[in-house]
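Okay, thanks everyone. Let me put the structure up and then walk you through a few spots in it.

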Amino acid sequence: MKYVSSRGRAPEESFLGILRSGLAPDGGLYLPARYPHVAAAELARWRLLSYAELAAEVMARFADDVPREDLERLCQATYTAQTYGYGRPDSDAAQIAPLRWLADGLGLLELSNGPTLAFKDMAMQLLGALFEYILGRDGAEFNILGATSGDTGSAAEYAMRGRRGLRVFMLSPQGRMSAFQRAQMYSLADANIFNLAVDGTFDDCQDIVKAVSGDLGFKAAARIGTVNSINWARVAAQVVYYFRGYFAATENNAETVSFCVPSGNFGNIFAGWVARQMGLPVGRLILATNENNVLDEFFRSGCYRVRGAQETHSTSSPSMDISKASNFERYVADIVGRDAVAVRELWWELDARGRFDLRPMPFWRRVQDSGFASGHSTHADRLVTIRSVQRDSGVVIDPHTADGVKVARELRQPGEKIVCLETALPAKFEATIVEALGVAPTRPAAYAGIEERPQRCHVVPADAACVKRYLAERIGLAATGVPAP
């Protein structure tokens, strides 16, 4: 398996070659040169596997330079009932990513039973194990730079805390996360965890990560990589639960299942796109946004128009308060048939004008035929959806998942079976749940009173140079003879 850049000006790499890199040297995103295909006989066999076994099978298609026995060992050590047993008390702790039917033809794939109560744990725990594996093999150290709108940061920090050879520097938008999300990250006292609160939006945080990664000399000297969904390993690990959700929702592989995915950065739903390219019988991929509806606007109109900080709304589903979707470039690369020149031209236009429009181009027909549908949700919609799901099924869902359920109900076609991907547990967004239901959601005992724990973070401006100086000081870069930026 070889990986190529969406922008076509980087050499081919192996899986381990791109594991720590994030962005390609030309500023693009890595993609498999060709997606692996799962034959019908393999699909039938996979239906009978445990989650850890299924993860090993899927990851082996993308990471063929990792010895199979090592990959199986890492997956078995990662996907355990102990690690994914933090969820609802009535969940089957022995079953990872269980499916719960909310209504006829509408299911909820529970992905938030991991240590940080968010779907990001499903991939991040494996990514931490992979990082530790390769660093142990090479005897190296590694500094992770990431950006979070709320859940990626805590998932990364809990996956990497205490791991030998790893430091985590996580950027988050100051004042734009829930109190629970802030406490999850800022209360960690591990020596290898550094939280930076950026005076700006998540998009500012993400731009800083890309700017630092784009400085190839600094990136190499500081040994910097990323855990955001621009890291292909995370996308690959997310592909696994589409197979799991499909098998749980069907009795045989002749059936088709659609998936509805709350989306801000396009990584989660892009994993569903990859699963379909591999041969999984996925019907529609239904994208749900909140008031920051850049992606919904694109799939309805063909115009991709990013927003600035002043136009990015602060909402009650804050992990989706994103106006520039990093993984969208991967999808566009596939839509244009891996024409790297076309990708570069579109992203030049995006950088220069803040938008591009596919409607006048032949690519727009390919988007329309790609099996995507979309919708958006508001705060009022979230409250109504949380109340109705609790009333009808006895399940309390978080506001991001409510965005997905609302859009799935709205767009469901007669006879269509839709699986909604859960985003987080409601305990992470207590204020909205109290507003919707009048009572606070239950939370795992391990998180009782987390908001009252001591917190530590370093406030920085939305400036890549400041962040580089902070990193250089913390890792002793200047002391090694490499000039600090």
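I'll go through some strands, a pocket, a helix and two odd backbone angles. Keep in mind that this is a predicted model.

Let's start with strand E6, residues 166-173. Seven of its eight residues are buried, so call it mostly covered. What does E6 pair with? On one hand there's strand E5, residues 142-147, which runs parallel to E6 and is joined to it by six bridges. If you want a landmark there, Asn143 has Arg167 in E6 as its bridge partner. Then there's strand E7, residues 193-199, which also pairs with E6 in the parallel sense, over six bridges. The landmark for that pairing is Pro173, opposite Val198 in E7.

Now the connections. E5, helix H6 (residues 152-160) and E6 form a right-handed β-α-β unit. Carry on along the chain, and E6, helix H7 (residues 179-186) and E7 make a right-handed β-α-β unit as well.

Okay, the pocket. The largest one has a volume of about 440 Å³, and 22 residues line it. Which ones lie nearest its centre? Those are Arg7, Gly27, Lys210, Trp347 and Asp351. Two elements give two or more residues to that lining: helix H8, 202-214, and helix H14, 340-353. H8 has the largest share, with five residues.

Next, helix H19, residues 464-475. Quick sanity check on its geometry: at 1.5 Å a residue, its 12 residues should span 16 Å, and the end C-alpha atoms are 17 Å apart, which agrees. At the start of H19, a side-chain oxygen of Asp463 comes to within 3.1 Å of the backbone nitrogen of Ala465. The buried residues in H19 are Ala464, Val467, Lys468, Tyr470, Leu471, Ala472 and Ile475. As a reminder, an α-helix has 3.6 residues a turn, so residues three or four places apart point the same way. Right after H19 you hit Gly476, with a positive phi near 70°.

Speaking of phi: most residues other than glycine have a negative one. So where are the odd ones I wanted to show you? Ala97 has a positive phi near 60°, and you'll find Ala97 in the loop between helix H4 (68-78) and strand E3 (99-103). Its relative accessibility is 4%, so Ala97 counts as buried. Arg223 is also not a glycine, with a positive phi of about 55°. Arg223 is in the loop between helix H9 (216-221) and strand E8 (224-225). Arg223 is partly exposed, at 34% relative accessible area.

That's my tour, happy to take questions.

Technical notes:
Residues numbered from 1 in each chain as written. Predicted model: local features only at pLDDT ≥ 70, side-chain atom pairs only at ≥ 80, totals over all residues. Heavy atoms only, no water. Helix = DSSP H or I, 4+ residues; strand = E, 2+ residues; numbered from the N terminus. Expected span 1.5 Å × (residues − 1). Buried < 20%, exposed > 50% of the residue type's maximum accessible area, 1.4 Å probe, protein only. Polar contact = N/O pair within 3.5 Å; in protein donor to acceptor, adjacent residues only side chain to side chain. Pairing = 2+ DSSP bridges. Right-handed = clockwise from strand over helix to strand, strands pointing away. 1 Å grid on protein atoms, 1.4 Å probe; cavity = no way out; pocket = protein on both sides within 12 Å on 5 of 7 lines; lining within 4 Å. Points joined across faces, edges and corners; volume = space filled by probe spheres on them.
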